[in-house]
Amino acid sequence: MNDIEVLKEIFKNSSTAVYSMQKICDKIDEKAFYDLICEQKNNTQKIVDESEQMLIKSNEKPEEIDLITKGSINSGIMIKTFTDCSSSNIADILIQGNSMGINELRKVMNSAVIENPQISRLANELISLQESNIQRLKNYL
């Protein structure tokens with residue numbers, strides 16, 4: 001696995017997180033919790049933007065989230081919040097999503113030799129952000 005593949009995973013991982021947070025925001029009633037999710041979404045969007053620019057600089061096309069993934073996210077949110085839209089349940093859903101993101105990115109990083117320190121920095125920044133998101137979301141469980 002090379003730098004570009006790691007960068008593509010960073011873009012995919014962070015794009016999926018932003019999309020998921022956008023979709024789940026409609027279910028949130030509590031203002032403080034809504035504000036937290038918006039802050040987390042905005043911080044993650046910065047990583048989306050940076051990884052996208054790095055891919056473009058490398059003459060690579062950032063791959064948008066495919067329809068199957070979007071459908072899976074939408075149906076998962078709908079099913080998991082159908083009977084429970086509490087902040088606690090939504091926090092739990094987002095903790096699970098952040099954990100999956102961390103695990104996927106760590107797998108990719110562990111199987112790659114990353115030569116570009118900027119890509120390594122960005123991957124670690126995304127993992128740190130997701131770990132921080134989890135800690136802050138735990139306050140709503």
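Which helix gives the largest share of the lining of the second largest pocket? That share, four residues, comes from H1. Please keep in mind that you are looking at a predicted model, and let us start with its pockets.

## The two pockets

The second largest pocket holds about 170 Å³ of space. Its lining is made up of Lys-8, Phe-11, Lys-12, Thr-16, Glu-63, Glu-64, Ile-65, Asp-66 and Thr-69. Sorted by class, these are five charged, two polar and two nonpolar residues.

The largest pocket has a volume of about 620 Å³. It is lined by 23 residues, and those closest to its centre are Thr-16, Ser-20, Ile-73, Gly-97 and Met-100. Three helices each supply at least two residues of this lining: H1 (3–25), H3 (67–81) and H4 (87–110). Here the classes are eleven polar, eight nonpolar and four charged residues.

Thr-16 deserves a second look: this residue is among those closest to the centre of the largest pocket, and it also lines the second largest pocket.

## Helix H1

How far apart are the end C-alpha atoms of H1? They are 33 Å apart, and this agrees with expectation because 23 residues at 1.5 Å a residue should span 33 Å. At the start of this helix, a side-chain oxygen of Asn-2 comes to within 3.0 Å of the backbone nitrogen of Ile-4.

Further along H1 you will find Ser-15. Ser-15 counts as buried because its relative accessibility is 12%, which falls under the 20% cut-off. Its side chain reaches back to the backbone oxygen of Phe-11, at 2.7 Å. Phe-11 is also one of the residues lining the second largest pocket.

## Two glutamines

Gln-130 sits in helix H5, residues 117–137. With a relative accessibility of 3%, Gln-130 counts as buried. What does its side chain meet there? One partner is the side chain of Asn-13, joined by a polar contact of 2.8 Å. In addition, a polar atom of the Gln-130 side chain lies 3.4 Å from the backbone nitrogen of Ile-102.

Gln-45 belongs to helix H2, residues 31–57. Its relative accessibility is 26%, so Gln-45 counts as partly exposed. The C-alpha atoms of Gln-45 and Tyr-19 are separated by 9.6 Å, with the two residues 26 apart along the chain.

The side-chain contacts described so far can be set side by side.

| Side chain | Partner | Distance |
|---|---|---|
| Ser-15 | backbone oxygen of Phe-11 | 2.7 Å |
| Gln-130 | side chain of Asn-13 | 2.8 Å |
| Gln-130 | backbone nitrogen of Ile-102 | 3.4 Å |

## The cysteines

How many disulfides does a search of the whole structure find? The count is zero. Two cysteines help to explain this result. For Cys-25, the closest cysteine sulfur is in Cys-38, and the two sulfurs are 4.5 Å apart, too far for a bond, because a disulfide requires sulfur atoms within 2.5 Å. For Cys-85, the closest cysteine sulfur is that of Cys-25, but at 13 Å this pair is also too far for a bond.

Are these two cysteines buried or exposed? Cys-25 is buried, with a relative accessible area of 7%. Cys-85, at 35% relative accessibility, counts as partly exposed, since values between 20% and 50% fall in that class.

Conventions. Residues numbered from 1 in each chain as written. Predicted model: local features only at pLDDT ≥ 70, side-chain atom pairs only at ≥ 80, totals over all residues. Heavy atoms only, no water. 1 Å grid on protein atoms, 1.4 Å probe; cavity = no way out; pocket = protein on both sides within 12 Å on 5 of 7 lines; lining within 4 Å. Points joined across faces, edges and corners; volume = space filled by probe spheres on them. Nonpolar A, V, L, I, M, F, W, Y, C, P; charged D, E, K, R; others polar. Expected span 1.5 Å × (residues − 1). Polar contact = N/O pair within 3.5 Å; in protein donor to acceptor, adjacent residues only side chain to side chain. Buried < 20%, exposed > 50% of the residue type's maximum accessible area, 1.4 Å probe, protein only.
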